[in-house]
Amino acid sequence: MDKSRADASQQFPEIIELNVGGQVYVTRHSTLLSVPNTLLWTMFSQKKPAELTTDSKGRYFLDRDGFLFRYILDYLRDQTLVLPDYFKEKASLLKEAEYFQLQELAKRLRPSVSKENSISEEVCQSDPEEAALACMSISSTGPRSPSLDARKSGYITIGYRGSYTIGRDIQQDAKFRRVARITVCGKTSLAKEVFGETLNESRDPDRLPERYTSRYYLKYNFLEQAFDRLAEVGFHMVACSSTGTCAYASNDPNEDKIWTSYTEYVFCRE
């Protein structure tokens, strides 16, 4: 590294804030330089701070997958790779490793090829619906990968606030449930695994994957759709509770009474 570039590297603070696809990460400058000749090493040792893109709060911005970047950062800290038991984003993480020019990490993520099972991982990493029969056939002749058998356990709570009105004739005029928003509470990584692109994170965009949140909500308003999705990925309901209050009641007997309710359903995957 020449003197001008060394001076550029010294212009960065010891603590670096990154905005990766909307997810905020805080790490040491030395961590980003831990693996030479990578994209992050080049950015933070060969360039000056003013040459890098920043967001409105001055954090260095990377337009990449913010959820998967946690594994990139973990690898930079000690050059080890630890993935959850039930991890379906291995192919996407490989793409991120290649983008950040982490050659050793990319090598570990690439599927191993052998004469006995040369196509197993390639087939099973394709679209699940298209490859289901092929994967079942392959797995019947050999042991399955733990990542395909095991799923991350945990709890997810689904909540909704609804309203209904009761008129003068009680049940005859009752207008039942109107769901305004379905909330999702639980571990961030688990919520993202289950609901994917249907999860709205705008109220808590900076939550780290292993932290918990109660501010996510779904982009649709059908409880049954959320229940179906949870059942598909192995969750079952273990508890529920509901409360109701009269939100508006007029002294005029000709006006309807408006009631609101809040209900929570707790789901578990063991």
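**Leucine 18 and the cores**

I began with leucine 18 in this predicted model, and, leaving aside residues up to four places away in sequence, I found leucine 18 touching Gln23, Val24, Tyr25, Thr27, Leu32, Phe44, Arg59, Tyr60 and Phe69. I then looked up the largest nonpolar core, which has 31 residues, and noted that Leu18, Leu40, Phe44, Phe69 and Ile72 are the ones that touch the most other members. Two of these names, Phe44 and Phe69, I had already written down as contacts of leucine 18.

I next asked which elements give two or more residues to this core. They are strand E1 (15-20), helix H3 (39-45), strand E3 (60-62), helix H4 (69-78), helix H5 (90-99) and helix H6 (103-109). Of these, H4 gives the most, with six residues. I also recorded a second, separate core of 20 residues, which includes Leu190, Ala191, Tyr216 and Leu223. As background to this entry, I keep in mind that nonpolar side chains tend to be buried together in soluble globular proteins.

**Glycine 159**

I turned to glycine 159, which lies in strand E4, residues 154-167. Is glycine 159 buried or exposed? Its relative accessible area is 1%, and because the cut-off for buried is under 20%, I entered glycine 159 as buried. Not counting residues up to four places away in sequence, glycine 159 touches Arg181, Ile182, Thr183, Tyr262, Thr263 and Glu264. For the pair of glycine 159 and arginine 181, I noted a separation of 22 residues in sequence and 8.3 Å in space, taken from C-alpha to C-alpha.

**Salt bridges**

A search of the whole structure gave me 14 salt bridges, and I followed several of them individually.

In helix H6, the side chains of arginine 108 and glutamate 104 meet in a salt bridge at 3.7 Å, N to O; the two residues are four apart, about one turn of the helix. I found arginine 108 partly exposed, with a relative accessible area of 38%, and glutamate 104 likewise counts as partly exposed, at 41%.

The bridge between glutamate 193 and arginine 269 has its closest N and O atoms 3.0 Å apart. This pair links distant parts of the chain, since glutamate 193 is in helix H10 (residues 188-195) and arginine 269 is in strand E9 (residues 257-269), 76 residues apart. I noted that both glutamate 193 and arginine 269 are buried.

For arginine 229 and glutamate 232, the closest N and O atoms of the salt bridge are 3.3 Å apart. Because these two residues are three apart in helix H11 (residues 223-232), about one helical turn separates them. Arginine 229 counts as partly exposed at 24% relative accessibility, whereas glutamate 232 is exposed at 56%.

Which residues are linked in a network of salt bridges? I listed Arg70, Asp74, Arg77, Lys152, Lys187 and Glu210.

**Cysteines**

I finally looked for disulfides and counted zero. For two of the cysteines I also looked up the accessibility: cysteine 240 is exposed, with a relative accessible area of 52%, while cysteine 268 counts as buried at 4%.

Definitions and conventions: Residues numbered from 1 in each chain as written. Predicted model: local features only at pLDDT ≥ 70, side-chain atom pairs only at ≥ 80, totals over all residues. Heavy atoms only, no water. Core = buried A, V, L, I, M, F, W, Y, C linked by side-chain atoms within 4.5 Å. Buried < 20%, exposed > 50% of the residue type's maximum accessible area, 1.4 Å probe, protein only. Contact = heavy atoms within 4.5 Å. Salt bridge = Lys/Arg side-chain N within 4 Å of Asp/Glu carboxyl O. Disulfide = S-S within 2.5 Å.
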